[in-house]
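Hello,

Here is the structure I promised to pass on. Please open it first, then read my notes below.

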Protein chains: 2
Amino acid sequence: MMNIGEAAAASGVSAKMIRYYEETGLIPPAGRTGSGYRTYGPKEVQVLRFVRRARDLGFPMEKVADLLALWRDRGRASAEVKRLAEDQVAVLAQRIREMEEMKATLEHLVHACAGDERPDCPILADLGGGHCRT
Amino acid sequence: MMNIGEAAAASGVSAKMIRYYEETGLIPPAGRTGSGYRTYGPKEVQVLRFVRRARDLGFPMEKVADLLALWRDRGRASAEVKRLAEDQVAVLAQRIREMEEMKATLEHLVHACAGDERPDCPILADLGGGHCRT
DNA sequence: GGTTGACCTTACCATCATGGGAAGGTCCAT
DNA sequence: ATGGACCTTCCCATGATGGTAAGGTCAACC
């Protein structure tokens, strides 16, 4: 049995976050010693690592909860898990697209900017420009 | 002179955000009518549109403030603007890289998952697995 | 002149996931 | 027994946005 600091080190989840996950119900309340310290065993650490890994893949906490529930459900259909993962792929793809677009626009502007000591700057011109109605 | 609702419509920045930008000092306090309504002219709307556009390119508010300062400074060197833009391109590129990596990992897992009614699922196996000590 | 509805004001709360810190209790090794 | 490293709870902050509630104002219409 480890206390929260060791569990944090073993799982890669900060002690702060472990408490938060417990508070929000993502994970069940940890056991406690007589003096109130939380205790964790290998199973709990594995759960924490699961959460960590899912977060690393960009799943929001709500989806992590869904994944955890499926993980615990031995009668799950893998199709459900796959759907969650596919949804997440779509979310990521969308975000990537948006950022690619921002990046392309910015690169275009950067390319057009002399970048010297003169004040003329197509980047500022673009930001301030567009069309203004009085 | 327009009130905040019209300025919001004209700039694409919500009234809520206009007040917030003013409160945080990103933009100077708007003029007021005798009864306390904020008033905006074409110049203010242009500033708001500048902010909107910069935010659309992913600049955090702090950088938007820097850009605004340069915009107002007629003696600026375009090199400074360019540097801000290049930094932002780098930030975007980094984020894109991270998300591409997540996406690639997930796609790999999705590909390996049968997605049927059976419980066996490489996605969950990966999340829970790695190396677990029981 | 009065009513109505659309607008404005401030002030507070919520998000999402995380970190920071204070004030106080516990554990262990010296 | 003392010190330092740990734990506990509680509150605050982030960044940018939305929501809501209580109350004031304006303009149009009858």
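By class, how many nonpolar, polar and charged residues does the surface near DNA strand C have? Eight are nonpolar, five are polar and six are charged. Keep in mind that this is a predicted model.

The DNA side

In total, 19 residues surround DNA strand C. The closest are Lys16(A), Ser35(A), Tyr37(A), Met61(A) and Gly5(B).

Three helices each supply at least two residues of this surface: α2 (15-23) of chain A, plus α1 (4-11) and α2 (15-23) of chain B. The biggest giver is α2(A), with four residues.

Which parts of the strand face the protein? Of the atoms of DNA strand C within 4 Å of the protein, 66% belong to sugar or phosphate. The rest belong to bases.

Some phosphate contacts to look at:

- Ser35(A): a polar side-chain atom lies 2.6 Å from a phosphate oxygen of DNA strand C.
- Arg32(B): here the distance from a polar side-chain atom to a phosphate oxygen of the strand is 3.0 Å.
- Ser14(A): an N or O atom of the side chain is 3.1 Å from a phosphate oxygen of the strand.

Ser35(A) is also among the closest residues listed above.

The core

The largest nonpolar core has 79 residues. Those with the most contacts inside it are Ile18(A), Leu67(A), Ile123(A), Ile18(B) and Leu67(B).

Take Ile18(A) as a place to start. Leaving aside neighbours within four places in sequence, Ile18(A) is in contact with Ile4(A), Ala7(A), Ala8(A), Val13(A), Ile27(A), Tyr40(A) and Leu48(A).

Best wishes

Technical notes. Residues numbered from 1 in each chain as written. Chains lettered and ligands numbered in written order. Predicted model: local features only at pLDDT ≥ 70, side-chain atom pairs only at ≥ 80, totals over all residues. Heavy atoms only, no water. Core = buried A, V, L, I, M, F, W, Y, C linked by side-chain atoms within 4.5 Å. Buried < 20%, exposed > 50% of the residue type's maximum accessible area, 1.4 Å probe, protein only. Contact = heavy atoms within 4.5 Å. Near = heavy atom within 4 Å. Polar contact = N/O pair within 3.5 Å; in protein donor to acceptor, adjacent residues only side chain to side chain. Nonpolar A, V, L, I, M, F, W, Y, C, P; charged D, E, K, R; others polar.
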